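Colleague: I should like to understand how the terms used for this structure are justified. May I put some questions to you?

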Amino acid sequence: VAGGEGLPLGPASPFDPQVVVDVPGKAEPGVGTAFSVSDSGVWVTARHVVDGCTQTAIVVAEGRGVAAQVHIDPRGEAAVLVTEGGAPPLPLGLDQTLRRGDRAFQPGYPQGEPGEATSRLLGRENLEVRGRGARTESVLVWAETGRTDGLKGALAGLSGSPVLARAGRVIGVTVAESPRRGRIYTAAPETLAGALAATHQRAARFAVGEPITVDNYGRVADTLRRDLRVAQVICLKAS
């Protein structure tokens, strides 16, 4: 099979290729994306969006947010947020077999505005984080194959967005990109599962996803944002 497309993705290995990300030593106020995994008020985002934040909020309407408690699993790049009250959850598909060439969709808030990307799975790499929270973890690497019409440049702000498979189930969390290479890096399914377990938060046992394709992903993304299943997260104050 050319490029291994269609082959099941193997387990993480220290011999996987490596990519380096530098994280500033001091946290800074910023914005990203989060998504609901329980209507009791449990959300997931990327760790670097909220790490070091002393005041974090989920945006629920123009100029209005709800306070979120931040729970970080120090071993990985996924973070869990807890709010009073929640939104309908996205279903998780963390145990499904991933294959090279699989398509995924990332709805969120690139550059602070509603938008989305789609990509194809290339394989695994080891993400080496330098600076604050230094660590190395296995991530999935995707080739970007499409995005919102008119969206140019970096996808900053898409960090923390869900990685949705065709059935609308979450298989990861968007954590980094390489605009020059056209690559998107996402936390692996086991990282997300580990973050929920480590922070003693549970995802909803029953949640419904909508099938998502290259033809409808813009519309599906709009619906997810409107229903606050995918929301903007803001670090208002950093330590």
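Modeller: Let us begin with helix H3, where Asp 222 and Arg 225 both lie, three residues apart, about one turn of the helix. Please keep in mind that this is a predicted model.

Colleague: What makes the contact of Asp 222 with Arg 225 a salt bridge?

Modeller: The closest N and O atoms of the two residues are 2.7 Å apart. The cut-off is 4 Å between a side-chain nitrogen of Lys or Arg and a carboxyl oxygen of Asp or Glu, so the pair qualifies. In general, side chains of opposite charge can pair when their charged atoms come close.

Colleague: Why is Asp 222 called partly exposed?

Modeller: Its relative accessibility is 42%. Buried requires under 20% and exposed requires over 50%, so Asp 222 falls in between.

Colleague: Which residue joins Arg 225 in a salt bridge from a distant part of the chain?

Modeller: That residue is Glu 116, whose side chain meets that of Arg 225 at 2.8 Å, N to O. Glu 116 belongs to strand E8 (residues 115-131) and Arg 225 to helix H3, with their positions 109 residues apart in the chain.

Colleague: Are these two residues buried or exposed, and how do you know?

Modeller: Glu 116 has 7% relative accessibility, which is under 20%, so Glu 116 is buried. Arg 225 also stands at 7%, and therefore counts as buried.

Colleague: What makes Glu 116, Asp 222 and Arg 225 one network?

Modeller: They are joined by salt bridges that share partners. Arg 225 pairs with Asp 222, and Arg 225 also pairs with Glu 116.

Colleague: How many salt bridges does the whole structure hold?

Modeller: The search finds eight. Another of interest is that of Arg 124 with Glu 190, where the closest N and O atoms are 3.0 Å apart. This pair links strand E8, which holds Arg 124, to helix H2 (residues 189-198), which holds Glu 190, across 66 residues.

Colleague: Why do Arg 124 and Glu 190 receive separate labels for burial?

Modeller: Arg 124 has a relative accessible area of 14%, under the limit of 20%, so Arg 124 is buried. Glu 190 has 41%, which lies between 20% and 50%, and is therefore partly exposed.

Colleague: Where does helix H2 lie?

Modeller: Helix H2 lies across strand E2 (30-38), strand E3 (42-46) and strand E6, running at about 40° to E6.

Colleague: What makes strands E5 and E6 a pair?

Modeller: Strand E5 (residues 64-72) and strand E6 (residues 78-82) share four bridges in the antiparallel sense. At least two bridges are required, so the two strands pair. Within this arrangement, Val 70 stands opposite Leu 81 in E6.

Colleague: In what order do the strands close into a barrel?

Modeller: Six strands close in the order E2-E3-E6-E5-E4-E13, with antiparallel pairing. The twist averages 40° from one strand to the next.

Colleague: Which residues have the most contacts inside the largest nonpolar core?

Modeller: They are Phe 35, Ile 58 and Leu 81, in a core of 40 residues. Apart from that core lies another, of 15 residues, including Leu 98 and Ile 171.

How values were computed
Residues are numbered from 1 along each chain as its sequence is written. This is a predicted model: local features need pLDDT of at least 70, side-chain atom pairs count only at pLDDT 80 or more; totals for chains, interfaces and linings use all residues. Side-chain values use heavy atoms; hydrogens and water are left out. A nonpolar core is a set of buried Ala, Val, Leu, Ile, Met, Phe, Trp, Tyr and Cys residues joined through side-chain atoms within 4.5 Å. Buried means under 20% relative accessible area, exposed over 50%, partly exposed in between (1.4 Å probe, protein chains only). Axes are lines fitted to C-alpha atoms, for helices over the stretch in contact, and angles run from 0 to 180 degrees between N-to-C directions. Contact means heavy atoms within 4.5 Å.
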